[in-house]
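Colleague: Could you guide a first-year student through this structure, one question at a time?

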Protein chains: 2
Amino acid sequence: MAVELYNNGRHVCLAFYDLVDEATDHAVQCNQFLIVDGDHGALLEPGGNMTYNGLLMSMARYFSSRNLDYIFASHADPDIVASLNKWMVTTNCRILISKLWVRFLPHFTTGRDYSDRIIGIPDEGMSVPLGSCKLKAVPAHFLHSEGCFQFYDPISRILFSGDLGVSLLDHAEAAKPVENFEEHIPFMIGFHRRYMIANKICRYWVNMVRQLDIEQIVPQHGARFVGKEMCNKFIDWIETLQCGVDLMNQDHYRMP
Amino acid sequence: MAVELYNNGRHVCLAFYDLVDEATDHAVQCNQFLIVDGDHGALLEPGGNMTYNGLLMSMARYFSSRNLDYIFASHADPDIVASLNKWMVTTNCRILISKLWVRFLPHFTTGRDYSDRIIGIPDEGMSVPLGSCKLKAVPAHFLHSEGCFQFYDPISRILFSGDLGVSLLDHAEAAKPVENFEEHIPFMIGFHRRYMIANKICRYWVNMVRQLDIEQIVPQHGARFVGKEMCNKFIDWIETLQCGVDLMNQDHYRMP
């Protein structure tokens with residue numbers, strides 16, 4: 001069932017938290033998103049092959065997939081966009097992803113040429129018109145992927161943060177906003193320590209997003225941060241996190 | 001057509017350089033590998049959906065896919081292993097990949113439970129028996145993926161290096177060994193500067209592999225390094241390379 005993150009009657013942001021059952025699917029829980037503005041729509045992080053049918057059916061209550069304008073992919077991991085071939089075949093949408101991954105995406109497909117429907121986002125990011133609004137692809141390189149974007153919606157003031165802010169929860173818990181930041185840290189910290197690349201990069205990101213008017217930070221796994229106070233708690237936390245290469249040493253690189 | 005990297009009559013290493021046509025497929029060229037030891041076989045980096053049919057047919061001249069023991073995946077990018085669902089359906093093989101990606105792999109599949117055929121490699125690596133030999137999964141975390149392994153074959157003394165040592169060439173050039181290291185650098189440097197994560201990690205890797213008896217370094221895109229002298233030239237080059245987060249600054253993280 002879709003969760004309404006925002007709805008002003010014309011502009012709607014929906015999240016799908018329950019299309020992966022992490023227990024029976026033996027896979028990491030992940031969230032898919034739909035932004036609708038008037039007659040236009042974009043899917044964010046549509047997910048892997050196992051979520052395609054569920055997402056197609058669930059979104060149909062809100063928006064016809066036949067009219068889908070875009071897929072936005074933060075990066076090229078399987079839980080983000082392994083379903084690409086199915087969306088390319090069944091819709092006319094274009095996909096936006098970092099230019100670093102443009103020539104890797106076709107490996108998800110079975111050989112037909114979709115190159116005119118794959119849009120490479122330049123490193124500095126870009127604005128993307130959707131109906132009467134302009135979504136922003138915000139640089140998040142190395143958080144965690146080498147070419148990585150988050151998507152900011154200036155109407156809802158939601159930052160769809162990809163893998164930054166992720167928590168590993170079951171799908172029922174994932175659908176609820178974070179209530180207590182301190183109690184939430186144990187569900188985030190293991191993932192961020194390994195999959196985020198370096199504290200230096202976290203600090204660049206923090207400096208950038210502190211300029212931004214954010215009401216919600218909504219990651220691609222687990223629970224969302226709602227309200228400026230909770231968003232700022234996350235931003236303050238990630239600013240000081242040692243992670244990725246910060247924590248590696250020669251002991252991690254020895255012949256087995 | 002397969003290229004024989006090694007053959008002692010019982011133990012054979014084959015490379016497939018021409019299953020992606022980087023021009024007509026609009027995708028990055030990539031190499032697939034088959035190691036056969038007696039009646040046992042392993043595919044390394046089998047590739048995406050577009051290479052499945054070609055690899056299945058090409059390998060059949062050397063080894064029946066029905067008897068495939070393993071797929072080895074350096075990490076979970078689409079050009080490495082987006083074809084996973086097809087191999088799971090048509091063979092009984094197990095796949096080895098970093099434990100970091102075990103719960104992401106099912107997103108390549110359509111929902112059937114393959115968890116008993118997905119083996120998570122621990123961070124420190126492991127030995128994997130194949131016929132009468134023991135292949136080694138060698139830690140290469142952050143080169144480029146957070147959980148990343150290279151595969152060393154002690155019979156052929158080949159290090160299958162995943163994305164380390166990659167060059168961006170057409171498939172005809174990729175099939176030839178590197179002849180002149182200096183002239184080869186322009187085909188490597190752009191990729192390594194961005195997709196490799198930090199010089200600190202390169203140096204840890206260099207310290208590890210200098211202990212190893214290596215006759216060939218064989219990456220997953222582009223041309224291979226043959227002979228100790230050429231392998232050492234690559235090892236010396238990567239030791240000093242500034243890359244990834246080393247090259248990022250606040251200018252890369254600004255709102256578009």
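Modeller: Let us begin with a loop residue, E45(B), which lies between β4 and α1 of chain B. Please keep in mind that this is a predicted model.

Colleague: Does E45(B) count as buried or exposed?

Modeller: A residue counts as buried when its relative accessible area is under 20%. E45(B) has a relative accessibility of 3%. That value falls under the cut-off, so E45(B) counts as buried.

Colleague: What is the phi of E45(B)?

Modeller: Most residues other than glycine have a negative phi. E45(B) is not a glycine, yet the sign of its phi is positive. The value for E45(B) is about 50 degrees.

Colleague: Where is H26(B) found, and what is its phi?

Modeller: H26(B) belongs to the loop between β2 and β3 of chain B. At 29% relative accessibility, H26(B) counts as partly exposed. Although H26(B) is not a glycine, it has a positive phi of about 55 degrees.

Colleague: In what order do the 7 strands of the open sheet in chain B stand?

Modeller: The pairing in this open sheet of chain B is mixed. From one strand to the next, the twist averages 20 degrees. The order is β1-β2-β3-β4-β5-β6-β7.

Colleague: Which strands of chain B stand at the edges of the sheet?

Modeller: An edge strand here has a single partner strand, so one of its sides is left without a neighbour in the sheet. The two strands in this position are β1 (2–7) and β7 (118–121) of chain B.

Colleague: Which residue stands opposite L14(B) in β3(B)?

Modeller: Strand β2 (residues 11–16) of chain B and strand β3 (residues 32–37) of chain B run antiparallel and are joined by 6 bridges. Within β3(B), the residue opposite L14(B) is L34(B).

Colleague: What angle does the direction of helix α1 of chain B make with that of β2(B)?

Modeller: Helix α1 (residues 52–59) of chain B packs on the sheet. It touches β2, β3, β4 (40–44) and β5 (68–72) of chain B. Its direction and that of β2(B) make an angle of about 145 degrees.

Colleague: Which residue in the turn between β3(B) and β4(B) has a positive phi?

Modeller: β3(B) and β4(B) pair in the antiparallel sense over 5 bridges, and V36(B) has G41(B) as its bridge partner in β4(B). The two strands form a hairpin with 2 residues between them. The turn residue with a positive phi, about 60 degrees, is G38(B).

Colleague: Which residue in β5(B) stands opposite A42(B)?

Modeller: β4(B) is mostly covered, with 4 of its 5 residues buried. It runs parallel to β5(B), and 4 bridges join the two strands. Opposite A42(B) in β5(B) stands Y70(B).

Colleague: Which residue shares a side-chain polar contact of 2.8 Å with S156(B)?

Modeller: S156(B) lies in the loop between β10 (149–153) and β11 (158–162) of chain B, and its 5% relative accessibility makes it count as buried. Leaving aside residues up to four places away in sequence, S156(B) touches Y6(B), H11(B), C13(B) and E215(B). The polar contact of 2.8 Å joins its side chain to that of D153(B).

Colleague: Turning to chain A, does F181(A) count as buried or exposed?

Modeller: F181(A) is placed in helix α5 (residues 181–195) of chain A. Not counting residues up to four places away in sequence, it touches M188(A), F225(A), M230(A), K233(A), F234(A) and W237(A). With a relative accessibility of 6%, F181(A) counts as buried.

Colleague: What area is buried between chain A and chain B?

Modeller: The size of an interface is often given as the accessible area lost when the parts come together. Here 67 residues of chain A are in contact with 67 residues of chain B. Carbon and sulfur atoms give 63% of the buried area, which is about 5,900 Å².

Colleague: Which residue of chain A meets D123(B) in a salt bridge?

Modeller: There are 2 salt bridges between chain A and chain B. In one of them, the N to O distance is 2.6 Å. The partner of D123(B) is R194(A).

Colleague: What is the omega of the cis peptide bond between L143(B) and H144(B)?

Modeller: Most peptide bonds are trans. H144(B) is in the loop between β9 (133–139) and β10 of chain B. The cis bond joining L143(B) and H144(B) has an omega of about 0 degrees.

Technical notes: Residues numbered from 1 in each chain as written. Chains lettered and ligands numbered in written order. Predicted model: local features only at pLDDT ≥ 70, side-chain atom pairs only at ≥ 80, totals over all residues. Heavy atoms only, no water. Pairing = 2+ DSSP bridges. Axes fitted to C-alpha atoms, helices over the stretch in contact; angles between N-to-C directions. Contact = heavy atoms within 4.5 Å. Buried < 20%, exposed > 50% of the residue type's maximum accessible area, 1.4 Å probe, protein only. Buried area = accessible area lost by both parts, 1.4 Å probe. Salt bridge = Lys/Arg side-chain N within 4 Å of Asp/Glu carboxyl O. Polar contact = N/O pair within 3.5 Å; in protein donor to acceptor, adjacent residues only side chain to side chain.
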